[in-house]
Amino acid sequence: MFTSKYLSLGYISIIAIILGLVINTTFVNTAQAADDRKIELKIKGMGCEMCAHAIDKVISSCVGVKGCDVSYKDGKATVEIEVKANIEEIKKAVGDAGFFLDEWSIEELQ
Ligand SMILES: [Cu+2]
């Protein structure tokens, strides 16, 4: 029969391995997301899109930064960080690049 031919032990093993990988990846991602946080920095001193790009670069180079989105229009940076990230380092990096941190806030990622 067609189905019994293809549901041999070999195929079942391969399916089990793929399922295992999918489940493992899902759990690993969930574990990381639980520790991740998002911080929002209001930044003064940006004059153009190049400033936003420069800030993006310095923030992204900080330890534990997973993602960064700097908006020149809104004057803010949204930064996704891991537990090992040092918020003081991120704030200092923005200051050292010649910009001013107005205020900042932390929120947990869902
Ligand atoms: Cu500029």
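The following dialogue treats the reading of a predicted protein model, from its overall pattern to single residues.

Reader: On what terms should the model be read?

Author: This is a predicted model, in which local features need pLDDT of at least 70 and side-chain atom pairs count only at pLDDT 80 or more, while totals for chains, interfaces and linings use all residues. Residues are numbered from 1 along each chain as its sequence is written.

Reader: How many helices and strands does the protein have, and what pattern do they follow?

Author: Helices (H or I, at least four residues) and strands (E, at least two) are DSSP runs, numbered from the N terminus. The protein has four of each, and along the sequence they follow the pattern α-α-β-α-β-β-α-β.

Reader: Which strands pair, and in what sense?

Author: Two strands pair if DSSP finds at least two bridges between them. Here S2 and S3 are antiparallel, with six bridges; S1 and S3 are also paired in the antiparallel sense, over six bridges. Individual partners may be located in the model: Arg37 is bridged to Ile81 in S3, Val70 to Ala77 in S3, and Ser71 stands opposite Lys76 in S3. S2 and S3 form a hairpin with four residues between them, and Gly75 in the turn has a positive phi of about 65°.

Reader: How is the packing of two helices described?

Author: Two packed helices are described by the angle between their axes and the distance between the axes. Axes are lines fitted to C-alpha atoms, for helices over the stretch in contact, and angles run from 0 to 180 degrees between N-to-C directions. For helix H3 (residues 49–60) and helix H4 (residues 87–96), the axes come within 9 Å and cross at roughly 145°.

Reader: Which residues of H3 and H4 meet?

Author: Two residues are in contact if their C-beta atoms, placed from the backbone, lie within 7 Å. Ile55, Val58 and Ile59 in H3 meet Ile90, Ala93 and Val94 in H4. The residues of this contact comprise six nonpolar, no polar and no charged, where Ala, Val, Leu, Ile, Met, Phe, Trp, Tyr, Cys and Pro count as nonpolar, Asp, Glu, Lys and Arg as charged, and the others, Gly among them, as polar.

Reader: What is the largest nonpolar core, and which elements contribute to it?

Author: In soluble globular proteins, nonpolar side chains tend to be buried together. A nonpolar core is a set of buried Ala, Val, Leu, Ile, Met, Phe, Trp, Tyr and Cys residues joined through C-beta atoms within 7 Å. The largest one here has 17 residues, and those with the most contacts inside it are Ile43, Ile55, Ile59, Val65, Ala77, Val79 and Val94. Two or more residues come from each of strand S1 (37–44), H3, strand S2 (65–71), strand S3 (76–81) and H4. H3 gives the largest share, four residues.

Reader: Is Ile59 buried or exposed, and what of Ile87?

Author: A residue is buried if 20 or more other C-beta atoms lie within 10 Å of its own, exposed if 12 or fewer, and partly exposed in between, with C-beta atoms placed from the backbone. Ile59 counts as buried because 26 C-beta neighbours lie inside 10 Å. Ile87, in helix H4, is partly exposed because 16 other C-beta atoms lie within 10 Å.

Reader: Which residues does Ile59 contact beyond four places in sequence?

Author: Ile59 is in contact with Val65, Cys68, Ala77, Val79, Ile90, Ala93 and Val94. Ile59 and Val79 are 20 residues apart along the chain, with their C-alpha atoms separated by 8.0 Å.
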